[in-house]
Amino acid sequence: MKKWWTCLLALTLTAGLTACGGGETNTAGSSKKDAEEIVLKFATWGNPAQLELYQNLTDEFTAKHPNIRIQIDSIPFADYQQKMSVLAAGRELPDIAWISERMVPQFMENGILEDISEIEKDTSFDSADIIPSTLELFRRDGKLYGLPFSTPPSVVFYNADLFEQSGLTSPNELARQGKWTWAEFVASAKAIKDKASSANVYGANFFRDWKTWIILASYSWSNGSSPFNDDMTEYTWNDPYGVETMEMLNQMMFVDKSHPKAGEQVNFESGQIGMIFDNYSFVSKAREIQNFKWSIAPMPSGSEGSVPMMGQAGYVLFKDGKHPEEAKLLLKFLSGKEGIQKTSAFFVPPRKSVLDSAEFLNVEGNPDPEHIRQAVIDEMPKAIVQPGHIKWQNIDTEILSGFDELFGQKANPAQIQETVKRKVDPLLAE
């Protein structure tokens, strides 16, 4: 959900060992000495810590398959979908790539994904260990086009020190009592702001980069509504809950002043924000925090309880890949139990055997395992996968323009939502 992209910054990491002589290789399609080196191109949008993890993983893979070298190309997320479209047009797609839920409809519609159903049927792969619902995003017409590696529900990251200093009950305790509501969230944010020792401290921030509006859909979902109808043919956020979502943001930003103004450069890691909404994957950055105590809690509840947003990412192969069999070997390695155990240091695992394991729960720097169970594992069955559409880039742009209207106080929430509906509905109908 990003605006039109402007530029591409690429970081290329070369991982693995080059081909070497002396003994047979363990590479599909070749048992020769001195097998010809094969380079698999692997596209991601990972942060430096995640890229380091994948470099180590691909080193392990190359140790088993010495004539396969992995070239990891990291593309900024904001540019990723557009870059893949450009590469597809030039028939230069990588062999294997990350893909997010918002990209799946377009990539499937364009017919650029490789059918990998045979991997699911491979008994050695143990696909029964994968949570069935995490595969649905990648299915179409009875075929499978991807395998998940990350299934993070949105959670509340909160600064425990600011809660204590403000005399507030923690969101975890309120959730246990059934009192962690949207009203309580707004009140907690105001209390943190009112009792802050610095004007640069805020109670909450909904936006990671002033573009991530979709996480606010949890307000509507938790009240039995949604920004779109079920088949993504109509924008419905002009209903009372969509209007209330913007009214809540307006109050926090301009009345309570508990939320930063658009463009203000403050972040959770600095200790200036009491609460942020983000996917659990943000924990990889939060682990680096040293100057205050923090933890995670479930999303606030509405009339229908708490309903987090489910982000989802997976691995896919492209039809134009130059080395399909070797790419399948890498795909099975990364999405097998061993690969998922290692990537669970950053990502909520889709495999049942890993989800409640020490490898996932007890990573150094993690929140209390009970908080992870409460905010992540217990909430996953309630989560709604982020919406996707082949025109998502255009839809996202129009909705963001509505938030810009709110940030600039150019119209009231009801007027804004009606304007957005007039612009988005024709896009949904295409």
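Guide: Let's start with vocabulary: helices here are DSSP runs of H or I with at least four residues, numbered from the N terminus. Pro-240, for instance, is found in helix H9. Bear in mind that this is a predicted model.

Visitor: Good. Is Pro-240 buried or exposed?

Guide: The general idea is a cut-off on relative accessible area: under 20% is buried, over 50% is exposed, and partly exposed sits in between. Pro-240 has a relative accessible area of 54%, so this residue is exposed. Try Ala-78 in helix H2 as well: a value of 28% makes Ala-78 partly exposed.

Visitor: And how do I read distance along the chain against distance in space?

Guide: Put the two numbers side by side. The C-alpha atoms of Pro-240 and Phe-318 are separated by 42 Å, with their positions 78 residues apart along the chain. Ala-78 and Gln-165 are 87 residues apart in sequence, and their C-alpha atoms lie 37 Å from each other.

Visitor: Back to H2, then. What span should its 13 residues have?

Guide: The trick is to take 1.5 Å times one less than the number of residues. For H2, residues 77-89, that gives 18 Å, and the end C-alpha atoms are 19 Å apart, which agrees. You can run the check again on H16: its 16 residues should span 22 Å, and the ends are indeed 22 Å apart. H11 has 12 residues, an expected span of 16 Å and end C-alpha atoms 16 Å apart, so expectation and model agree there too.

Visitor: Which residues of H2 are buried, and what do they pack against?

Guide: For a helix, list the buried positions, then ask what covers them. In H2 the buried ones are Asp-79, Tyr-80, Gln-81, Met-84 and Leu-87. Their partners are strands E2 (38-44) and E4 (96-100), plus helices H3 (104-109) and H16 (392-407).

Visitor: Can I read H16 from its own side?

Guide: Sure. Its buried residues include Trp-392, Ile-395, Ile-399, Phe-403 and Phe-407. Among the elements covering the buried residues of H16 are H2, H3, H9 (240-255) and helix H17 (413-429).

Visitor: How do I describe two helices that pack together?

Guide: Two packed helices are described by the angle between their axes and the distance between the axes. Take H9 and H17: the axes come within 9 Å and cross at roughly 125 degrees. That angle makes H9 oblique to H17. The crossing is right-handed. On the H9 side the contact involves Gly-242, Val-243, Met-246 and Glu-247, and on the H17 side Pro-413, Ala-414, Ile-416 and Gln-417. Sorted by class, that is 5 nonpolar, 2 polar and 1 charged residues.

Visitor: At roughly what angle do the axes of H1 and H11 cross?

Guide: The axes of H1 (residues 48-64) and H11 (residues 324-335) cross at roughly 125 degrees and come within 11 Å. So H1 is oblique to H11. This crossing is right-handed. H1 brings Tyr-54, Leu-57, Glu-60, Phe-61 and Lys-64 to the contact, while H11 brings Glu-326, Leu-329, Leu-330, Phe-333 and Leu-334. Those residues divide into 7 nonpolar, no polar and 3 charged. As for burial, Glu-326, Leu-330, Phe-333 and Leu-334 are among the buried residues of H11.

Visitor: What about backbone angles: where should I look for a positive phi?

Guide: Look just past helix ends and in loops. Arg-91, just after H2, takes a positive phi of about 55 degrees. Gln-409 follows H16 and also has a positive phi, near 55 degrees. Lys-257 is not a glycine, yet its phi is positive, about 60 degrees. Lys-257 lies in the loop between H9 and strand E10 (273-279) and, with a relative accessible area of 44%, is partly exposed. Asp-126, again not a glycine, has a positive phi of about 55 degrees. Asp-126 is in the loop between helix H4 (117-121) and strand E5 (139-140), and at 39% relative accessibility this residue counts as partly exposed.

Visitor: One more loop residue: is Thr-151 buried or exposed?

Guide: Check the accessibility before judging by the loop. Thr-151 lies between strands E7 (147-150) and E8 (154-159), and at 1% relative accessibility this threonine counts as buried. Setting aside residues up to four places away in sequence, Thr-151 touches Thr-134, Met-310, Gly-311, Gln-312, Val-348, Pro-349, Pro-350 and Met-380.

Definitions and conventions
Residues numbered from 1 in each chain as written. Predicted model: local features only at pLDDT ≥ 70, side-chain atom pairs only at ≥ 80, totals over all residues. Heavy atoms only, no water. Helix = DSSP H or I, 4+ residues; strand = E, 2+ residues; numbered from the N terminus. Buried < 20%, exposed > 50% of the residue type's maximum accessible area, 1.4 Å probe, protein only. Contact = heavy atoms within 4.5 Å. Axes fitted to C-alpha atoms, helices over the stretch in contact; angles between N-to-C directions. Parallel < 35°, antiparallel > 145°, perpendicular 65-115°, else oblique. Left-handed = near helix turned anticlockwise from the far one by under 90°. Nonpolar A, V, L, I, M, F, W, Y, C, P; charged D, E, K, R; others polar.
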